[in-house]
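Biologist: I'd like to learn how to read a fold like this one. Could you walk me through it?

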Amino acid sequence: MPAPTPTANGVLPSVLDAIGDTPLVSLERITRSLDGRILAKLEYLNPGFSKKDRIARQLIEDAEANGSLRPGQTVIELTSGNTGTGLAIVCGVKGYPFVAVMSRGNSVERARMMAALGAEVALVDQLPESTPGQVSGGDLELVEAAAQRIAAERGAFRADQFRLASNARAHYLYTGPEILRQSGQSIDVFCDFVGSGGSFAGCAAAFKEHRPSIKCFVIEPAGAAVLAGEPLTRPDHRIQGGGYSKPDLVLLRREHVDGYLQVTDDAALSMARRLAREEGIFAGFSSGANVAAAVRLLETTCRGATVAVLLPDSGLKYLSTDLWP
Ligand SMILES: Cc1ncc(COP(=O)(O)O)c(C=O)c1O
């Protein structure tokens with residue numbers, strides 16, 4: 001996809017051209033007593049308030065280019081809300097009907113925002129033993145089954161973020177190179193809380209290609225660290241958007257993983273609150289997880305390093321939860 005082309009007076013032709021090029025901010029208050037820097041990419045400043053706008057644009061534009069999406073065809077995807085919001089924006093602007101299939105376990109703001117953007121939202125009940133706000137791998141399997149059924153019924157294009165290379169490509173082409181450029185190529189470490197693995201895969205590929213010594217760490221919820229080969233003891237963690245206990249993420253390239261980190265719910269929540277209070281950065285649970293892991297790296301094996309993290313989405317998406325008591 002060509003780079004956005006603003007008109008001469010700086011007016012963008014659509015909101016799709018406002019996706020990406022998010023600021024990179026040094027968390028100087030949180031790192032005050034630490035040896036090293038954390039550079040945080042404010043992905044919540046995308047039009048849909050998450051990094052997933054990037055992959056939504058890439059998934060649709062790649063599918064248009066390779067012919068797998070026909071003009072006017074319905075688009076469908078399962079989502080924890082953020083990819084759905086991105087797809088609702090992209091499909092709305094480009095004129096494709098969009099169906100978002102989401103677990104009732106995700107926060108209600110997300111479903112309401114997708115509906116406001118013109119999406120049809122199909123909510124799927126959680127397993128009887130699951131808790132609202134805690135979407136497990138089992139819950140996600142129910143959402144997957146519903147997405148497959150509706151896709152077959154409607155003859156829809158499945159914008160499958162777990163399988164299509166466009167997901168990682170969006171981060172390989174843009175997010176990773178933006179971080180390298182904005183930091184003056186100064187990053188040593190990248191750590192990322194994994195859902196589909198697209199962000200990790202794309203950014204890590206860009207970083208390793210630039211300098212193979214940049215260390216890339218996968219972050220998982222404590223008790224659901226299946227990528228690290230740990231037993232699953234807490235499938236119902238609270239870090240929304242990832243940690244689905246799926247050991248077979250096809251986008252993730254293990255040769256790019258230098259190590260695995262685990263973050264507890266408490267650590268993710270309290271760091272998200274610190275980001276808001278100390279840095280004026282209003283972001284979600286997984287942002288807290290990413291920064292908590294980065295702090296741990298600076299305290300232990302990566303002293304003195306510059307660590308890059310993504311802040312995947314906005315704290316506004318969690319106003320109905322106890323993240324903000
Ligand atoms: C809030 C949030 N954080 C993290 C992730 C994980 O990102 P990825 O799917 O690129 O691994 C997602 C994915 O949906 C998300 O919505």
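Modeller: We will go from the overall chain to the sheets, and then to the ligand. This is a predicted model, in which local features need pLDDT of at least 70, side-chain atom pairs count only at pLDDT 80 or more, and totals for chains, interfaces and linings use all residues. Residues are numbered from 1 along each chain as its sequence is written, and side-chain values use heavy atoms, leaving out hydrogens and water.

Biologist: How many helices and strands are in the chain?

Modeller: The chain has 8 helices and 10 strands. Both are DSSP runs numbered from the N terminus: helices are H or I with at least four residues, strands E with at least two.

Biologist: What does the radius of gyration say here?

Modeller: The radius is taken over C-alpha atoms, and the globule rule is 2.2 Å times the number of residues to the power 0.38. For 325 residues a compact globule would have a value near 20 Å, and the chain has 19 Å, so the two agree. Along the principal axes, the C-alpha atoms fill a box of roughly 55 × 55 × 40 Å.

Biologist: How do I read the sheets?

Modeller: Strands of a sheet pair through backbone hydrogen bonds, either parallel or antiparallel. Two strands count as paired if DSSP finds at least two bridges between them. One open sheet has 4 strands in the order β5-β4-β3-β6, with parallel pairing. Its edges are β5 (120-124) and β6 (157-158), each with a single partner strand, so one side of each lacks a neighbour in the sheet. Strand β4 (98-103) joins β5 through 5 bridges, and V99 stands opposite E120 in β5.

Biologist: Which helix lies across β3, β4, β5 and β6?

Modeller: That is α4 (137-154), running at about 160° to β4. Axes are lines fitted to C-alpha atoms, for helices over the stretch in contact, with angles from 0 to 180 degrees between N-to-C directions; contact means heavy atoms within 4.5 Å.

Biologist: And the sheet of 6 strands, what is its order?

Modeller: This open sheet reads β1-β2-β10-β7-β8-β9, with mixed pairing. Its edge strands are β1 (24-26) and β9 (259-263). Strands β2 (37-42) and β10 (306-311) pair in the parallel sense over 6 bridges, with I38 opposite V307.

Biologist: Which residues come nearest to the ligand?

Modeller: Of the 17 around the ligand (a heavy atom within 4 Å), K52, G195, S196, S199 and S286 come nearest. A nitrogen atom of the ligand is 2.7 Å from an N or O atom in the side chain of S286.

Notes: A polar contact is a pair of N or O atoms within 3.5 Å; within protein, one must be able to donate a hydrogen and the other to accept it, and residues adjacent in sequence count only if both atoms are side-chain atoms.
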